[in-house]
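Hi there,

Here is the structure I promised to pass on. Have a look at it first, and then read on for what turned up.

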Amino acid sequence: MSNQVEARLKELGIELPQAPAPAANYVPFVQTGNLVIVSGQLPMVAGEIKSLGRLGNTLTVDDGYQAARICAINLIAQVKAACGGDLSKVKRVVRLGGFVNSTADFTDQPKVINGASDLMAEVFGDAGKHARAAVGVPSLPLGVSVEVEGTFEIS
Amino acid sequence: MSNQVEARLKELGIELPQAPAPAANYVPFVQTGNLVIVSGQLPMVAGEIKSLGRLGNTLTVDDGYQAARICAINLIAQVKAACGGDLSKVKRVVRLGGFVNSTADFTDQPKVINGASDLMAEVFGDAGKHARAAVGVPSLPLGVSVEVEGTFEIS
Amino acid sequence: MSNQVEARLKELGIELPQAPAPAANYVPFVQTGNLVIVSGQLPMVAGEIKSLGRLGNTLTVDDGYQAARICAINLIAQVKAACGGDLSKVKRVVRLGGFVNSTADFTDQPKVINGASDLMAEVFGDAGKHARAAVGVPSLPLGVSVEVEGTFEIS
């Protein structure tokens with residue numbers, strides 16, 4: 001199964017980043033019981049922001065979708081670290097919380113957060129199907145377009 | 001107790017809708033251990049949006065309260081599905097997360113989300129009393145006025 | 001350890017308030033298994049709001065930091081009540097959710113929510129290091145600047 005998930009990532013052409021180390025008095029993830037709670041992830045690749053701006057204004061729905069997908073890759077990198085490197089321990093993606101930097105007129109938050117949801121299903125199959133909330137926000141850290149947090153059940 | 005909760009719903013004149021089927025790569029709820037996490041619910045009845053717009057602008061606090069109540073009915077429908085139809089399995093409403101489509105001047109989010117909180121207490125009694133967060137957001141999926149997500153403990 | 005945490009609070013010059021009693025059909029916290037979920041806390045001291053307004057507008061980052069710190073003190077007061085007064089039962093601060101009343105231009109939500117994160121580390125040490133999400137919102141209950149909710153693991 002580990003090989004299955006890793007093989008799926010390879011098929012998708014996704015190389016997981018190193019999970020960033022703790023940068024402050026909070027940490028990228030906490031395990032409590034069988035649950036791993038991962039901090040809100042931003043659309044960053046190799047320490048560089050890949051998507052700045054606001055949906056409904058400078059960015060298209062597809063821009064947001066791609067940004068959410070990057071957030072989801074970073075979530076998977078964190079949960080991999082939480083599993084000691086063995087993604088076969090992921091039993092279920094429990095919940096994603098998606099925050100979309102939005103104008104007051106933008107109402108396609110679900111289509112944006114699908115970028116994260118679709119990736120979870122592509123990588124984990126049925127175990128990747130999760131509960132979620134997707135909402136608009138007026139601003140996000142560093143001016144990014146999307147932030148996604150996640151809860152995972154591991155064995 | 002199942003009969004008690006169902007009887008209470010009947011007294012309140014509430015007919016639970018069919019819990020909508022999964023529409024995408026996320027699902028209406030996920031169970032992990034004894035917890036059921038339900039996706040953000042919108043003020044929809046029979047597939048139709050019942051409350052569009054923004055608090056502090058086109059909508060009154062009571063409009064928002066009624067919208068939050070509909071979201072809560074949909075949450076209960078989902079948790080009923082999670083319980084295989086037997087609402088007596090609900091041991092506690094653990095948490096509601098309420099997002100209120102708000103102008104920058106609107107600060108009565110608690111009064112709006114009371115529409116969901118009150119219903120949980122009416123239906124489940126003390127077991128319906130939950131932790132919650134209520135915040136304003138600039139925009140929500142499809143332009144709805146309120147979105148509420150929930151966490152439940154079941155047996 | 002109880003004495004350690006209480007001693008640390010004293011060193012920091014922090015007197016925990018009485019945890020406010022339930023005011024509506026929701027409650028300040030719910031315990032489910034070993035988890036305590038605490039409702040969104042506002043920057044209130046002795047029933048009085050200490051920080052009104054919006055970041056990026058009338059308030060500085062440090063104003064927001066101090067407000068987040070007060071929210072965190074109130075979270076600790078609630079979890080103390082959940083522990084029957086014995087803070088040594090806190091095994092881990094699992095997650096903080098931080099909502100910052102923000103203009104569309106304000107992007108320093110992390111620096112604001114550090115006011116809550118830093119306090120958790122100061123009070124609980126390594127057990128205080130948590131997952132978190134920090135986002136902007138256009139408005140908050142009563143017009144406060146910051147709201148923080150929390151999840152704790154207790155023994």
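**What turned up**

Let me start with a hairpin in chain C: strand E1 (residues 29–32) and strand E2 (residues 35–41) of chain C pair in the antiparallel sense, over four bridges. Within that pairing, Thr32(C) stands opposite Leu35(C) in E2(C). Two residues lie between the strands of this hairpin, and Gly33(C) takes a positive phi there, near 60°. Please keep in mind that this is a predicted model.

Chain B is a good place to look at a whole sheet. Five strands form an open sheet in the order E1-E2-E7-E5-E6 (chain B), and the pairing is mixed. As a reminder, strands of a sheet pair through backbone hydrogen bonds, either parallel or antiparallel. At the edges are strand E1 (29–32) and strand E6 (131–137) of chain B, each of which pairs on one side only. On average, neighbouring strands of this sheet are turned by 15° against each other, direction ignored.

If you zoom in on one edge of the sheet, strand E5 (residues 90–101) of chain B runs parallel to E6(B), and seven bridges join the two. Here Phe99(B) stands opposite Val135(B) in E6(B).

Two helices go with this sheet. Helix H2 (residues 61–82) of chain B packs on the sheet and touches E1, strand E2 (35–41), E5 and strand E7 (146–154) of chain B. The direction of H2 makes about 35° with that of E7(B). Helix H3 (residues 109–124) of chain B lies across E5, E6 and E7 of chain B, and runs at about 160° to E5(B).

Now for the contacts between chains. Between chains A and C, 23 residues of chain A are in contact with 28 residues of chain C. On the chain A side, strand E1 (29–32), strand E2 (35–41), strand E5 (90–101) and strand E7 (146–154) each supply at least two residues. E2(A) gives the most to that side, with four residues. By class, the side of chain A that touches chain C divides into 13 nonpolar, eight polar and two charged residues.

Chain C also meets chain B, in a contact that takes 28 residues from chain B and 23 residues from chain C. What supplies the chain B side of that contact? E5, H3 and E6 of chain B each supply at least two residues. The side of chain B that touches chain C has 13 nonpolar, eight polar and seven charged residues.

Happy browsing, and best wishes!

Terms used
Residues are numbered from 1 along each chain as its sequence is written. Chains are lettered from A and ligands numbered from 1 in the order in which they are written. This is a predicted model: local features need pLDDT of at least 70, side-chain atom pairs count only at pLDDT 80 or more; totals for chains, interfaces and linings use all residues. Two residues are in contact if their C-beta atoms, placed from the backbone, lie within 7 Å. Ala, Val, Leu, Ile, Met, Phe, Trp, Tyr, Cys and Pro count as nonpolar, Asp, Glu, Lys and Arg as charged, and the others, Gly among them, as polar. Two strands pair if DSSP finds at least two bridges between them. Axes are lines fitted to C-alpha atoms, for helices over the stretch in contact, and angles run from 0 to 180 degrees between N-to-C directions.
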